[in-house]
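Before turning to how the partners meet, it is worth asking how far each part of the model can be trusted. The paragraphs below take confidence as their starting point and then move to the interface.

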Amino acid sequence: MAGMGGRMSTVIKAKISKLLDRAEDPSETLDYGYQKQVELLQNVKKGIADVVTSKKRLQMQSQKLEQQVVKLDTQARQAVSQGREDLARAALERKTVAQTELQSLDTQVKELETQQEQLTENEKKLKAKIEAFRTKKEVIKAQYSAAEAQVKISEAANGVGEEMADLGLAIQRAEDKTEQMRARGQAVEELEAAGTFDDLTQIGGGQDDIDKELAQIGAGAQVDDELSKMKAELGSGGGEKPALEEGESK
Amino acid sequence: MIVRISGEGQFTLPDDDASRLNELDNEAVAAVEGGDEAKFAELWAQMLALVEKDGTELGADELEESDVILPPRDVTFAEAAGEFTGEGLIPD
């Protein structure tokens, strides 16, 4: 059934054939090239390991962002309770950015998970096919004349070869994808470095005025709380709100 | 006939499905060329559905070359545009 297939499938088939041609004669590889098979399977394992590494990295980024979302939310609440809508808005804006990033990271992690499962599954399939070939070859040799056997064995070898080439293609694709995600991950890191998702109470360089004010409100609220507690413990002042200065920079 | 979904596996389909699959394939490429992402997605889903409905997965001990090899299930519109149209018809 040569020449079968539409334009998409023809291109894919040509790609697979090209990978096959680049490899050595599959029947030779299968017959004598145990080393080659081991190499191939190691390649698959490496491909899978790369996917897992990328996945872990994205998961860590995602955890960090989750924490930032919680912190920013808390800060927004504090700001609201202090009547500082402007600060609350700033915190919520950052929270939104962090949440959007988080969603896209989660999608990518899921994608990588699927890819990892698929590659693992395919690796198993290929191993099974290689084993089947070893057995089949002996059966064919016993059943057919030498000339016929050669044709049949070479057909079977092409079947396994296609499986190998297709797995090679899948690994290439997985590597391209993880490469893209790495680039994307770097972009997120740059956003982080620029302070886009920063905990607004973090003290250090690069803080803007909004950061400082929010930090002060947070600290101020904590001081108020502690002071109320102390007053209550000492039995003085009752439930009155302590008249504490907001801070010198206000 | 034997159809492979790249990155997934091989399926045996009745030979009668060949022309339908072929037709859908060419329509899908035409959709890509026309920049119609929704249409492409729909046609691609139809192709997969056809393989799933009529196909039987080949056993691990069956060593056959495929008559038709389809792209990976999660092929994107962008990939299709890059690979299956115009210049992309000449594989790299």
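This is a predicted model, and chain B carries an average pLDDT of 89, with 92% of its residues scoring at least 70. The exception to bear in mind is the stretch of residues 87–92 of chain B, where pLDDT stays under 50 and for which the model nevertheless has twelve contacts beyond four places in sequence. Chain A averages a pLDDT of 78, and 74% of its residues score at least 70. Within chain A, confidence is lowest in helix H2 (residues 26–32), at a mean of 59, and highest in H4(A), at 88. The pLDDT is also below 50 over residues 237–242 of chain A, a stretch with five contacts beyond near neighbours in sequence, and again over residues 245–250 of chain A, where the model likewise has five such contacts. For the complex as a whole, the predictor gives an ipTM of 0.87 and a pTM of 0.71.

How many residues does each chain bring to the contact? Chain A contributes 34 residues and chain B contributes 45 residues, and the area buried between the two chains is about 3400 Å², of which carbon and sulfur atoms give 53%. On the side of chain A, the residues that lose the most area to chain B are A:Arg7, A:Met8 and A:Arg173, which together account for 23% of what that side buries.

The polar side of the interface can be described in two ways. Across the interface of chain A and chain B there are 26 residue pairs in polar contact, with both residues at pLDDT 80 or more, and the count of salt bridges between the two chains is nine. Helix H1 (7–22), helix H4 (85–143) and helix H5 (146–193) of chain A each supply at least two residues of the side that touches chain B, and H5(A) gives the most, with twelve residues. By residue class, the side of chain A that touches chain B divides into 14 nonpolar, seven polar and 13 charged residues.

H5(A) deserves a look in its own right, as a helix of 48 residues that reaches 69 Å from its first C-alpha to its last, close to the 70 Å expected at 1.5 Å a residue. After this helix comes A:Gly195, whose phi is positive, near 85°.

Salt bridges offer a final view of the assembly, and a search of the whole structure finds 24 of them over all chains. In one of these, B:Arg4 pairs with A:Glu163, the closest N and O atoms being 3.0 Å apart. This pair crosses between chains, running from B:Arg4 in strand S1 (residues 2–5) of chain B to A:Glu163 in helix H5 of chain A. In general, side chains of opposite charge can pair when their charged atoms come close.

Methods
Residues are numbered from 1 along each chain as its sequence is written. Chains are lettered from A and ligands numbered from 1 in the order in which they are written. Side-chain values use heavy atoms; hydrogens and water are left out. pLDDT is the predictor's confidence in each residue, from 0 to 100. Contact means heavy atoms within 4.5 Å. Buried area is the accessible area (1.4 Å probe) that two parts lose on being put together, summed over both. A salt bridge is a side-chain nitrogen of Lys or Arg within 4 Å of a carboxyl oxygen of Asp or Glu. A polar contact is a pair of N or O atoms within 3.5 Å; within protein, one must be able to donate a hydrogen and the other to accept it, and residues adjacent in sequence count only if both atoms are side-chain atoms. Helices (H or I, at least four residues) and strands (E, at least two) are DSSP runs, numbered from the N terminus. Ala, Val, Leu, Ile, Met, Phe, Trp, Tyr, Cys and Pro count as nonpolar, Asp, Glu, Lys and Arg as charged, and the others, Gly among them, as polar. The expected span of a helix is 1.5 Å times one less than its number of residues.
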